[in-house]
Protein chains: 2
Amino acid sequence: MAARIENPAKHIGADDIYTRIRRRIVEGHVTPGLTLGEAQLAAEYGVSRTPVRNALARLEQDGLFERVRFGYAVPVRSPEQVVELFEARIILDLAAAELAAQRRSELDLARLRHLLEQAEAATGADLIHINDAFHDALRDAAHNPTLAQLASRVEAQLAAYEARPAGAPDDRQSTQDEHRRVFDAVHDRDPARARSELQAHVHRARDLRIAALARADRKS
Amino acid sequence: MAARIENPAKHIGADDIYTRIRRRIVEGHVTPGLTLGEAQLAAEYGVSRTPVRNALARLEQDGLFERVRFGYAVPVRSPEQVVELFEARIILDLAAAELAAQRRSELDLARLRHLLEQAEAATGADLIHINDAFHDALRDAAHNPTLAQLASRVEAQLAAYEARPAGAPDDRQSTQDEHRRVFDAVHDRDPARARSELQAHVHRARDLRIAALARADRKS
DNA sequence: AACCTCCCAGTTGGATCCACATTGAATCCA
DNA sequence: TGGATTCAATGTGGATCCAACTGGGAGGTT
């Protein structure tokens, strides 16, 4: 039986370090610009610097970390760069939505529907995760793993700067409605509608973020 | 004087290893499926395993290498996967062409024109490099580095499987004509035309590759 | 003769050691 | 007192050492 058993209590490896640090960044727990040293991270996870170095090299390749004077830091991005990231994300996700409307299987639909239902009841961090999962499921429904991975990677970079408020109830309801509309278009196999509905959704998210950046910019 | 001087004769570092191995893969000098060991590569470049490990981790993140039993290998892709990579590349490059037609600067135009002229005279490997550079310059003209990097990365994955014939004189002339048409559309600031001209170009390249894959498939 | 078992060679992943570069501060001189 | 210079502290990058794992082959047994 060559089934690889994930030993939960076993010593953590480089992949685990990569996953954990990545999650910390994506969930916004590492403030951009704050430098973290290899030794510091190694001590934190109770391993030597070797696996940390490996993880950091991969994170740098992902664009989630950059090498700075001493140590690594989440790159500080200008508002223009955030807009640029959104532009890339929009290109990828709209294409994925279009393909999803053409290729979605019944299983894809079931997954999306399940996530929509879960989102109805969830709140806080759970809601954020479910909504992220909805977008990932939509990308998977396009049945092009390369495309899905690219979109997911760009979104991870964006997430690193998001204060992740998602608090306002009206935003919550808007998001839910827009997701539902995208789902309906995918369900009806209507690529053009899927694209335009998702475009409306992502454009709204982008404009909210840009407005927040403008406020933060004025304050500083 | 904080200018970082690239000492040419100095010992090579992890970044150099990364660049060199990457070039070897992209230029097709590493046959897919052949496994290379860390120690082997380290000996080849005259360094220890440490920088090689770092480079391999990054290459794996790029999708150019995958960890296999013992060592690393360029992943073997099915024809379906190659089609999938092309689909992603087309999405990215068409979007880039559209943006390039909107945003190109005079400098961008000059660069593209220069590459077109160079391509007239070049042959063999030089021609391949110049044509690749044309596509990269087109992506740069879109003025979205994120998008350019993504497209470039996907194309690198595709290049790893290309036998890189580019030999047939009629293909050479077709490529040159199509590049010229794309250039004209970008010059005229006509996004829709830039998109459709590039689409025709990339679709032809894709179909050629698929035909070659079908032949190879039948042979085996 | 076939199959099973055990041992050994080879390789990766993690830990530690060492050399070099850079920064900040403290000190000394003008 | 201000500025330049030197020195120690800190941290990365590379090299080496060690442990765990896998696969194949040799040898024995049925």
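**Warm-up.** Is B:Arg189 buried, partly exposed or exposed?

*Solution.* Start with the rule: a residue is buried if 20 or more other C-beta atoms (placed from the backbone) lie within 10 Å of its own, exposed if 12 or fewer, and partly exposed in between. B:Arg189 has 13 other C-beta atoms within 10 Å, so it is partly exposed. Next, find its place: B:Arg189 sits in the loop between α8 (169-187) and α9 (191-219) of chain B. Helices here are DSSP runs (H or I, at least four residues), strands are runs of E with at least two, and both are numbered from the N terminus. Finally, check the backbone: B:Arg189 is not a glycine, yet its phi is positive, near 55 degrees.

**Before you go on.** This is a predicted model: local features need pLDDT of at least 70, side-chain atom pairs count only at pLDDT 80 or more, and totals for chains, interfaces and linings use all residues. Residues are numbered from 1 along each chain as its sequence is written, while chains are lettered from A and ligands numbered from 1 in the order in which they are written.

**Exercise 1.** Find out how confident the predictor is about chain A.

*Solution.* The score to use is pLDDT, the predictor's confidence in each residue, from 0 to 100. Chain A averages 90, and 91% of the residues score at least 70. Now go element by element: α4(A) has the highest mean, 97, and helix α9 (residues 191-219) of chain A the lowest, 89. Then look at residues 1-9 of chain A, where the pLDDT is below 50 and the model shows 0 contacts beyond near neighbours in sequence. Where pLDDT is low, the predicted coordinates shouldn't be read in detail.

**Exercise 2.** Work out how chains A and B are related.

*Solution.* Superpose the copies by least squares on the C-alpha atoms of residues with pLDDT of at least 70 in both. A turn of 180 degrees with a shift of 0.0 Å along the axis lays chain A on chain B, with an RMSD of 0.0 Å. The two copies are thus related as by a two-fold rotation axis. In chain A, A:Arg58 has the C-alpha nearest the axis, at 2.7 Å.

**Exercise 3.** Describe the contact between the two chains.

*Solution.* Two residues are in contact if their C-beta atoms, placed from the backbone, lie within 7 Å. By that test, 17 residues from chain A and 17 residues from chain B take part. On the chain A side, α3, α4 (79-103) and α7 each give two or more residues. Sort that side by class: 8 residues are nonpolar (Ala, Val, Leu, Ile, Met, Phe, Trp, Tyr, Cys and Pro), 5 charged (Asp, Glu, Lys and Arg) and 4 polar (the others, Gly among them).

**Exercise 4.** Which residues touch the most other members of the largest nonpolar core?

*Solution.* A nonpolar core is a set of buried Ala, Val, Leu, Ile, Met, Phe, Trp, Tyr and Cys residues joined through C-beta atoms within 7 Å. The largest has 62 residues, and those touching the most other members are A:Ala96, A:Ala100, A:Leu147, B:Ala96, B:Ala100 and B:Leu147. Zoom in on B:Leu147: leaving out residues up to four places away in sequence, its contacts include A:Glu87, A:Ala88 and A:Ile91 from chain A, and B:Leu92 and B:Ala95 from chain B. There's also a second, separate core of 35 residues, with A:Val52 and B:Tyr161 among them.

**Exercise 5.** Map the protein surface near each DNA strand.

*Solution.* A residue is near a strand if its C-beta atom, placed from the backbone, lies within 6 Å of it. Take DNA strand C: of the 15 residues around it, A:Gly13, A:Ser48, A:Thr50, B:Gly37 and B:Gly71 come nearest. Two elements give two or more residues here, α3 (49-62) of chain A and α2 (38-45) of chain B. The largest share, 4 residues, comes from α3(A). By class, this surface has 5 nonpolar, 6 polar and 4 charged residues.

Now do DNA strand D: 15 residues surround it, and the closest are A:Gly37, A:Gly71, B:Gly13, B:Ser48 and B:Thr50. For this strand, α3(B) gives the most, with 4 residues.

**Exercise 6.** Is B:Glu106 buried or exposed?

*Solution.* Count its neighbours: 7 other C-beta atoms lie within 10 Å, so B:Glu106 is exposed. B:Glu106 belongs to helix α5 (residues 106-121) of chain B. Its C-alpha is 35 Å from that of B:Gln61, which is 45 residues away along the chain.
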